[in-house]
Amino acid sequence: MTSNKLIRSLLLLVLLPIYSFAESILVKDTAPEVYIVEKGDTLWGISNMYLDKPWQWPELWRTNTYITNPHLIYPGDELRLVKNEKGETVLEVTRESAKPEIRLSPEGTKSLKEPNAIPALPWSVIKPYVENEMIMSQQVYDRYPYILGDQEGAVRYATDNLVLGKAARRSKENLSIVRKQNELFDMDGNFIGLQVRYLAKAKLVDTDLDDQALIKILEAKLEVKRGDKIIPVTTNEPDDVVIVAAEEQLGYIIDDLEQHNLLGKYNVVVLDLGSDQVSAGTIMGIYSQGPRIVDGKQPKYEGESDMIRSAFNKGDEISQPALKVGEVLVFKTFDTASYALITESAKVIKRGMIVAKP
């Protein structure tokens, strides 16, 4: 974190009142008394079924000594709401002894397959927004090889086209073709990385070329152009995601995936928080702070034009409290920034809004 950003964050924590809701656990009136976990369920979906604040999911299990990790539940588990001796609503689970499945290999040998816990996040919902999208430094981006052209002299390429590129170092890996979409800056104007757009899958074609590589484009999502970068395929889904609420982290919405000015529920935003500050599964509140108010003879907003009276209307500058207007769920992190999905929004979400403890 830069010194300017650290100072800004400390000032916000000390000076800026951030209003959210109390942390009492309230089970939804519509929550089922009994639910059987099904294949295709996600932890995020089930916790939303029971709670307005899904990050409180582990608290529902607080008296259950049988479940050591409430983030690991399995198809077939029976979830049941009950009252404990203190009158609190808690969750119990009935689980059949996990019987491993027997799998046969093509050679006919038998092996045991342990049952899989349901995934934490709805990757099938998130993937269409961010299929292989990423954030990287300018230095890393510049280091990758790039598309040179093709035998037809074309400038745009699509699925099944053969193109010539600079030789890739790791010739055996599956490849992606990407393009710089835009530059990312934090709220102090510091450059923090490039937002990179995924274009197509690709594979190398065996040739005897030394300094170039013949590449076949596969499943192009967008048109490929000369100069587009050739990179190794990256993994989309992180392992061991745990849904947690942010605590001391504080940052800003600095951009979004499609460069829209006005955002709402299920849009993807970029946060100025890197992988050393948040992880996939972190839930954060979105807070909006109104313009500062100059408390003079006639209260005015800071910057409100009134050239004639401005000299006579000096007064104290009052910072308004930051009020909660939504929530985001972090699902992909990079060194200097992260992607998050807006899961709730009570008003239009914009660049510069604060993200903090929900």
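Accessible areas here come from the Shrake-Rupley method with a 1.4 Å probe, and for residues only the protein chains shown count as cover. On that basis the chain has an accessible surface of about 20,600 Å², and carbon and sulfur atoms account for 50% of that surface. This is a predicted model, so local features need pLDDT of at least 70 and side-chain atom pairs count only at pLDDT 80 or more, while totals for chains, interfaces and linings use all residues. Residues are numbered from 1 along each chain as its sequence is written, and side-chain values use heavy atoms, with hydrogens and water left out.

Let's start with the overall layout. The chain has four helices and 25 strands; both are DSSP runs numbered from the N terminus, with helices being H or I of at least four residues and strands E of at least two. Of the 358 residues, 39% are buried, where buried means under 20% relative accessible area, exposed means over 50%, and partly exposed is in between (1.4 Å probe, protein chains only). Take the contacts (heavy atoms within 4.5 Å) between residues at least 6 apart in sequence: 69% of them join residues at least 24 apart.

Now for the inside. A nonpolar core is a set of buried Ala, Val, Leu, Ile, Met, Phe, Trp, Tyr and Cys residues joined through side-chain atoms within 4.5 Å. The largest such core has 54 residues, and Tyr50, Trp57, Leu79 and Leu121 have the most contacts inside it. Helix H2 (residues 43–50) supplies the largest share of this core, with four residues. A second, separate core holds 17 residues, including Leu263, Leu271, Val278 and Val325. Back at Leu79, if you set aside neighbours within four places in sequence, the contacts include Ile46, Tyr50, Trp57, Trp61, Leu91 and Val93.

Following the chain on from H2, you reach Leu72 in the loop between H2 and strand S3 (78–83). Leu72 is partly exposed, at 37% relative accessible area. Not counting residues up to four places away, Leu72 touches Arg95 and Ala117. The C-alpha atoms of Leu72 and Asn116 are 8.9 Å apart, with their positions 44 residues apart in sequence.

Strand S12 is a good next stop. Gln195 sits in S12 (residues 191–205) and is buried, with a relative accessible area of 1%. What does the side chain of Gln195 reach at 3.4 Å? The backbone oxygen of Asp256; for a polar contact, the pair of N or O atoms must be within 3.5 Å, within protein one must be able to donate a hydrogen and the other to accept it, and residues adjacent in sequence count only if both atoms are side-chain atoms. Leaving aside neighbours within four places, Gln195 is also in contact with residues including Met134, Arg179, Leu257, Val270 and Tyr339.

S12 also takes part in charge pairing. Side chains of opposite charge can pair when their charged atoms come close. The structure holds seven salt bridges, each a side-chain nitrogen of Lys or Arg within 4 Å of a carboxyl oxygen of Asp or Glu. In one of them, Glu133 pairs with Arg197, with the closest N and O atoms 3.0 Å apart. Glu133 is in the loop between helix H3 (123–130) and strand S7 (134–136), while Arg197 is in S12, 64 residues apart, so the pair links distant parts of the chain. Glu133 and Arg197 are both buried, and they are linked with Lys221 in a network of salt bridges.

Further along S12, Lys201 bridges to Glu219 at 3.6 Å between the closest N and O atoms. Glu219 lies in the loop between S13 and strand S14 (224–225), so this pair ties together parts that are 18 residues apart in sequence. Lys201 is partly exposed, at 37% relative accessibility, whereas Glu219 is exposed, at 52%. The bridge between Lys324 and Glu327 (2.9 Å, N to O) has buried partners: Lys324 has a relative accessible area of 18% and Glu327 has 9%.

Out on the surface, Tyr146, Leu148, Leu164 and Leu209 form a nonpolar patch with about 300 Å² of accessible area together. Patches are made of residues with over 30% relative accessible area and no salt bridge, with like charges joined within 9 Å and nonpolar side chains (Val, Leu, Ile, Met, Phe, Trp, Tyr) within 5 Å. Leu209 sits in the loop between S12 and strand S13 (212–218) and is partly exposed, at 41% relative accessibility.

Finally, a look at the backbone. Most residues other than glycine have a negative phi. Asp160, in the loop between strands S9 (156–157) and S10 (162–166), has a positive phi of about 75°. Tyr266 also has a positive phi, near 75°, and is found in the loop between strands S17 (251–256) and S18 (268–271).
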